[in-house]
Amino acid sequence: MAALTTGEHAVDGLLGFLPNSPIIAFTILLLVTLIIPPIFERLRLPGLVGLLAAGVILGPSILGLLNPAGEIETLLSDVGKIYLMFVAGLEIDLKDFKRTRNRSLGFGFATFAVPLTAGLLLSRAFGFDWVAAVLIGSLLASHTLLAYPIVMRLGITKEPSVSATVGATIFTDIGALLVLAMCVAAQAGEFSARTVVSQLVMLGLFATAVLVGIDWAGKQYFKRNGDREGNQFLFVLAAVFVAAVGSQLINVDKIVGAFLAGLAVNDVVGHGPVKEKVEFVGGVLFIPFFFVCMGLLLNLQVFMESITTNLAFTLALTGTLILSKFLAALVTKPFFGYRWEQILTMWSLSMPQVAATLAAALVGFQQNIISELEFNAVIVMMLVTSVVGPLLTARFAGRLVAPKLSRSEPDSLWFDYGSAPESRKDSTITGPFTVVVPIYNPVTQRYLIEMAALLATHEGGYVIPVTIARAHVHMDDPNLVTGLEQCRQLLQKAEALSQEFKAQAYSVLRIDDDVSEGITRTAREQNASLILLGWSRQGFRAKLFGTLVDEVFWSSHCPVAVARLLTEPIDIHRILVPMKTITPQAVRTVRFAQMFADTHSASVTLLHVGDRHTPANQVKALETALTKVMASGPQISWTMLTLEHDNPAEIILETALNYDLIVLRSMRRRTAGGLAVSDVTHQVIDEAPCSLVLFGEPHT
């Protein structure tokens, strides 16, 4: 007790030196968000667990550095809660939902109704009143696609059971939010048949207004104010908070409006870089702040009580969720003929409870529908499912990967083995093989031109060096004149280098407002087969505002290779290509490595790092499929290396010590909860001991 008192005095003394300003709380939140998640991810725990733990430590229960009722904490908690539900809606593609409507509605109804009923019965058995019991049931009914990045990495997002689970999210989240609205009304004594009908009518009109209105307003705004990313970004933010305020006007919690805004924004901005930036801002700022502020609400004494004296209800709640989600997936098996692997994948994907569950639980706690004890039990359930769900998904979803190549084709970078959209199966890229090389860094220019020349000569094509001069209002502006002269000098050097490597070169000098758009427009005009870029410096600002590489990846019509070359390409003889699974995009990455290796008799090693739970027959099937891939491309010297390890990045980096070049596939990832996750590709890029090429598909 004396030690505790001494600690409290020490904290009070520390606080005495700090000014009484909201900026202190904001600074503490920033530092926690920066430091804590990476530590927990290294311990193989979700970063959000660390944020919750930090909130408990910094809150009134221990240090008291942050106050859950403080001005800045309350504001950021509300903003984070809104953003969390917005991201949950943003990740649901309405076009995919329409494509799998029947399966999505079928599984959505099952995975909503079964857990809702189970949770209601469980709560009544523990003596809860009807309002609290219904709310707790609704908390089990929704789900968060926390493990979606895993199925993205495996390339099975279009698999029927996965598509049905993703589509079901729109049903479960809207249903859970409707039940929440009814519970809040009942708790306030305003629940009646007339009130319910009136509320549903207003909610229907409001949802229509948001879904249709944001779509129309966005298109009109972009039409009149251009399609610059800054305008789009501000429009998205405004749409989210206007919808959140609008939902409060009809006596519905603001998270309902935020979720609907996420659905609507999908159609306005599509899957472009603006969408990723919106998610990035939420993922690094607002959503982590929300989880820390959630931790502030956790009373350590009550939390310990929930896992000691109230352990029965806490375990029963978590067990009921896991079992009911499994039964919901099992119910759909006879109707849609799913295999056991599909059922288990649907179960594990729908198990995590984060976004809608936490947001609704917080509302229920604030409205006194559930007590602090039950709120803590929900937190425990969230922690368990957010860890167990993705682990099970990684195990079961891998069994759905069926490596199939429908036919053999020549070594084309844009051929996608029969899986392309109809609009691209005939390939819009015709004519000679052309490599567009943006020239903007004299240091990397020589190696880039050499690699482009090797590829172009191998394919009987040519190189197109391109420089972009920034446009000015007046075409006789001295800065523009100087820029044009510098561009001409770079192009002259590029042409000389191309001739040195015996490749034809046709230079392009372009004046454009945007460098990335100038590059991709030139590539489209020249019907380019490949864009070859030099590496650019990364950092926080690059992630927030984007880089030239990001923009080219998003808008290019053809594949893009970003190269960080530490030696001359002609001296690269050993090439390592990490392979997770067989997808058209992964095959094209292998094909690029084959083509480059064939230009100067280099060798390629395909490296597959699997976990110890992968069945032997699945590994064998992957090796057989990869053998077929290599046989259908240029005939080069190649080997295959299959290893088992829990840390793929570590093994890739260790293996790369014996190679001259790593070829990685560029794969964009986002998390369902909005929090950043570790990425093998990112780690390899940061620590690669040799040259590296990041090969990416055009954004479709």
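Helix axes here are lines fitted to C-alpha atoms over the stretch in contact, and angles between them run from 0 to 180 degrees between N-to-C directions. With that in hand, welcome to a predicted model, in which local features need pLDDT of at least 70, side-chain atom pairs count only at pLDDT 80 or more, and totals for chains, interfaces and linings use all residues. Residues are numbered from 1 along each chain as its sequence is written, and side-chain values use heavy atoms, with hydrogens and water left out.

**The chain overall**

- The chain has 29 helices and ten strands; these are DSSP runs numbered from the N terminus, with helices being H or I of at least four residues and strands E of at least two.
- Of the 700 residues in the chain, 54% are buried (buried means under 20% relative accessible area, exposed over 50%, partly exposed in between, with a 1.4 Å probe and protein chains only).
- Contacts (heavy atoms within 4.5 Å) reach far along the sequence: among those between residues at least 6 apart, 81% join residues at least 24 apart.
- About 30300 Å² of the chain is exposed, and carbon and sulfur atoms supply 59% of that area, as computed by the Shrake-Rupley method with a 1.4 Å probe.

**Helix 6 and helix 15**

- Helix 6 (residues 101-125) packs with helix 15 (residues 311-331) at an angle of about 150°, their axes lying 8 Å apart.
- The two helices, helix 6 and helix 15, are therefore roughly antiparallel to each other (under 35 degrees counts as roughly parallel, over 145 as roughly antiparallel, 65 to 115 as roughly perpendicular and the rest as oblique).
- Helix 6 passes helix 15 in a right-handed crossing; a crossing is right-handed if the near helix is turned clockwise from the far one by less than a right angle, and left-handed if anticlockwise.
- On the helix 6 side the contact includes Phe107, Thr111, Val114 and Leu122, while helix 15 brings residues including Leu317, Thr320, Lys325 and Ala328.
- By class, this contact of helix 6 with helix 15 has eleven nonpolar, four polar and one charged residues (Ala, Val, Leu, Ile, Met, Phe, Trp, Tyr, Cys and Pro count as nonpolar, Asp, Glu, Lys and Arg as charged, and the others, Gly among them, as polar).

**Helix 6 and helix 7**

- The axes of helix 6 and helix 7 (residues 130-141) come within 7 Å and cross at roughly 140°, and this crossing is right-handed.
- Helix 6 residues in the contact include Thr111, Phe112, Pro115 and Arg124, and among those of helix 7 are Trp130, Val134, Ile136 and Ala141.
- The class count for helix 6 with helix 7 is ten nonpolar, five polar and one charged residues.

**Thr111 in helix 6**

- Thr111 lies in helix 6 and counts as buried, at 0% relative accessibility.
- Leaving aside residues up to four places away in sequence, Thr111 touches Ala141, His143, Thr172, Lys325, Ala328 and Ser350.

**Helix 23 and its surroundings**

- Buried residues of helix 23 (residues 515-525) include Val515, Gly518, Ile519 and Thr522.
- The buried residues of helix 23 pack against strand 1 (434-438), strand 2 (462-470), strand 3 (508-512), strand 4 (530-534) and helix 25 (548-555).

**Two asparagines with positive phi**

- Most residues other than glycine have a negative phi.
- Asn527, in the loop between helix 23 and strand 4, has a positive phi near 55° and counts as buried at 18% relative accessibility.
- Asn368 has a positive phi of about 65°; this residue sits in the loop between helix 18 (355-366) and helix 19 (372-397) and is exposed, with a relative accessible area of 61%.
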